[in-house]
Each structure stands twice: as structure tokens, then as C-alpha cells.
Amino acid sequence: MASHFINLFFTSLLVLLFHISPSTSLTCSSQTFSANTRFTNCTDLPSLKSFLHWTFDPAKSTLSVAFLASPASPDGWVAWGINPVAPTMVGTQSFIAFKDSKGVMTVKTYNLTSYKSITESKLMYNVLDSKAESADGVMKIFATLQLPANTKTVNQVWQVGSAVTDGMPRIHKFEPDNLKSKGILDLATSGAAAGDGGKKTNATSSSAASSGQSGNDTGGSSRILNTETTFFAFLFFFGVGLLQL
């Protein structure tokens with residue numbers, strides 16, 4: 001009887017270990033920014049291993065964002081934007097970040113009017129600030145936009161690509177993950193309807209993260225990880241008890 005429970009214990013332990021993956025523990029709440037940059041909210045976007053941090057000021061109707069994603073290749077690009085009509089690519093007012101011919105990160109604006117080609121242009125929204133960074137294979141787009149008064153939600157679209165030719169981002173793949181990279185960002189609450197599977201949490205500041213303080217994070221991945229850790233501890237002590245039989 002004891003050997004049966006011991007076998008059950010180790011089987012459960014193996015299942016748990018395989019279930020916990022690096023993507024489970026890596027959430028937007030663990031990401032930090034330079035110069036003590038803070039955002040009120042963040043969400044794990046449901047596709048392309050992307051993350052969005054944002055702060056919305058309803059009084060000024062300004063939206064500040066930080067979009068993080070890894071390009072499809074080291075010489076590729078990442079993009080995030082808002083579509084004023086629907087969560088689709090065509091019509092998106094987009095920021096696209098990539099490395100220029102000198103290897104310096106840059107971000108440019110595009111009004112996406114076609115699936116076949118894009119042309120750099122001004123956006124229909126007033127862009128108050130924008131910049132791009134890259135570190136450890138992850139590209140970051142920072143931008144602040146002036147939205148129409150009384151905006152409550154925006155249609156967001158994001159994407160990654162593998163190549164840039166003569167300063168022009170090339171077309172991305174049309175895999176399922178690429179086609180699902182769209183959703184609705186709810187500005188009126190601390191959450192985001194980022195698309196099916198989006199995980200929501202309060203963003204942490206770089207100072208809080210460096211000091212080991214997690215704040216009141218409520219991200220889906222964080223809750224899952226805490227539950228699994230508790231279960232792991234239970235299995236451990238249960239197994240120790242069985243071994244003493």
C-alpha cells in the first residue's frame with residue numbers, strides 16, 4: 001500500500017514539474033524600465049509573446065504605452081498600434097520599431113492601408129512622444145498619444161516581423177499567432193480585454209522590482225504560479241511522510 005502511494009506521489013510531482021513552464025513565471029509584472037519609468041497597468045498579450053504596459057489620463061485623454069516583444073529574427077521588427085474602426089491590420093495607426101542601418105533602434109509611424117505594402121506617414125492621433133529600445137533580444141516601443149475626448153476603449157493591433165530592407169519593414173508571417181494579434185484595450189478600468197487569453201495585472205515600477213517588492217499584482221500567471229507552489233509544497237511534505245512509513 002505504501003509503495004502504491006509513493007508511486008502516485010512521484011507521478012503527481014512529475015506532472016507538476018512539466019506543467020510549470022518559463023512562460024508561466026514571466027509576466028508583465030516582472031518587467032522593469034530604465035529611469036524609473038512607471039505605468040499604471042500591464043497585460044500579457046495573448047499572442048506573439050508580447051506585453052503591453054500603459055497609463056491613461058482621462059482628464060487629458062492621453063495614453064502612454066510600452067510595448068514589448070521579440071522580433072521574428074534579430075534583424076526584424078515589432079509593431080503596435082491603434083485602429084480607430086476595428087481590431088484589424090488595415091487602418092491601424094502603427095508604431096514600428098527596428099534597427100536602422102547603423103544598428104540603432106528607431107521607431108517610425110505608419111498608417112497601414114494595405115496588407116501588401118506600407119508607407120511611413122503621420123498618424124491621425126497626435127503623437128506627443130515616442131522612442132524605441134532593445135535589450136536581450138526584446139524590442140520596446142514607448143509612445144504617448146493624444147486620444148479623442150471621452151475615449152473608453154481602443155482597438156489595438158500588434159505584430160512582429162523578421163526582416164527590414166533599406167529601412168522598410170518586410171511583410172510578416174501569416175501563422176495563427178500572427179493573425180490573432182489584435183484585441184480591445186479597456187482604458188476605463190485597470191484591466192484589458194486584450195484578446196482571448198490576455199492576462200491582466202497592475203504594472204510594477206522599476207524601483208519596486210529592484211527592491212523585491214511585488215506590490216498588489218493580480219496577474220493571472222502570478223496567481224497560477226502561487227497556487228502551483230503551494231501544491232508543490234503539499235506534495236513534498238506528503239512524500240516525506242510516505243517515505244517514513
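These legends go with close-up views of a predicted model.

**View 1. Inside the biggest greasy patch: the largest nonpolar core.**
Here we're looking at the largest nonpolar core, which has 29 residues. If you want landmarks, pick out Leu-63, Phe-67, Trp-80 and Leu-147, the residues with the most contacts inside this core. Plenty of strands chip in: S2 (51–57), S3 (62–69), S4 (77–83), S5 (93–99), S6 (105–111), S8 (138–146) and S9 (153–161) each supply at least two residues of the core. As a rule, nonpolar side chains in soluble globular proteins tend to be buried together.

**View 2. Who touches Leu-147?**
This view zooms in on Leu-147, one of the core residues with the most contacts. Setting aside neighbours within four places in sequence, Leu-147 is in contact with Phe-56, Ser-61, Leu-63, Ile-82, Tyr-125, Val-154 and Leu-187. Leu-63 also shows up among the core residues with the most contacts.

**View 3. An open sheet of five strands.**
Follow the strands across in the order S6-S5-S4-S9-S12, and you've walked through an open sheet with antiparallel pairing. S6 and S12 (182–186) stand at the edges with a single partner strand each, so one side of each has no neighbour in the sheet. From one strand to the next, the twist averages 25°.

**View 4. Where S9 meets S12.**
Staying with the sheet, this close-up shows S9 and S12, which run antiparallel and are joined by five bridges. For a handy reference point, find Val-157, which stands opposite Lys-182 in S12.

**View 5. Three phenylalanines in a cluster.**
Searching the whole structure turns up two aromatic pairs. In one, Phe-33 and Phe-39 sit edge-to-face, at 5.4 Å centre to centre and with 70° between the planes. Phe-33 is buried at 6% relative accessible area, and Phe-39 also counts as buried, at 9%. Phe-33 pairs with Phe-142 too: their ring centres are 5.5 Å apart and their planes are at 80°, so this pair is edge-to-face. That second pair links distant parts of the chain, 109 residues apart: Phe-33 is in the loop between helix H2 (22–25) and strand S1 (41–44), while Phe-142 is in strand S8. Like Phe-33, Phe-142 is buried. Put together, the ring pairs link Phe-33, Phe-39 and Phe-142 into a cluster.

**View 6. A lysine over the ring of Phe-142.**
One last look at Phe-142: Lys-131 lies over the face of this ring, at 5.3 Å from the ring centre. The ring belongs to the cluster that also takes in Phe-33 and Phe-39.

How values were computed:
Residues are numbered from 1 along each chain as its sequence is written. Side-chain values use heavy atoms; hydrogens and water are left out. A nonpolar core is a set of buried Ala, Val, Leu, Ile, Met, Phe, Trp, Tyr and Cys residues joined through side-chain atoms within 4.5 Å. Buried means under 20% relative accessible area, exposed over 50%, partly exposed in between (1.4 Å probe, protein chains only). Helices (H or I, at least four residues) and strands (E, at least two) are DSSP runs, numbered from the N terminus. Contact means heavy atoms within 4.5 Å. Two strands pair if DSSP finds at least two bridges between them. Axes are lines fitted to C-alpha atoms, for helices over the stretch in contact, and angles run from 0 to 180 degrees between N-to-C directions. Rings of Phe, Tyr and Trp (its six-membered ring) pair if their centres lie within 6.5 Å; planes under 30 degrees apart count as stacked, over 60 as edge-to-face and the rest as tilted. A charge sits over a ring if NZ of Lys or CZ of Arg is within 6 Å of the ring centre and within 35 degrees of the ring normal.
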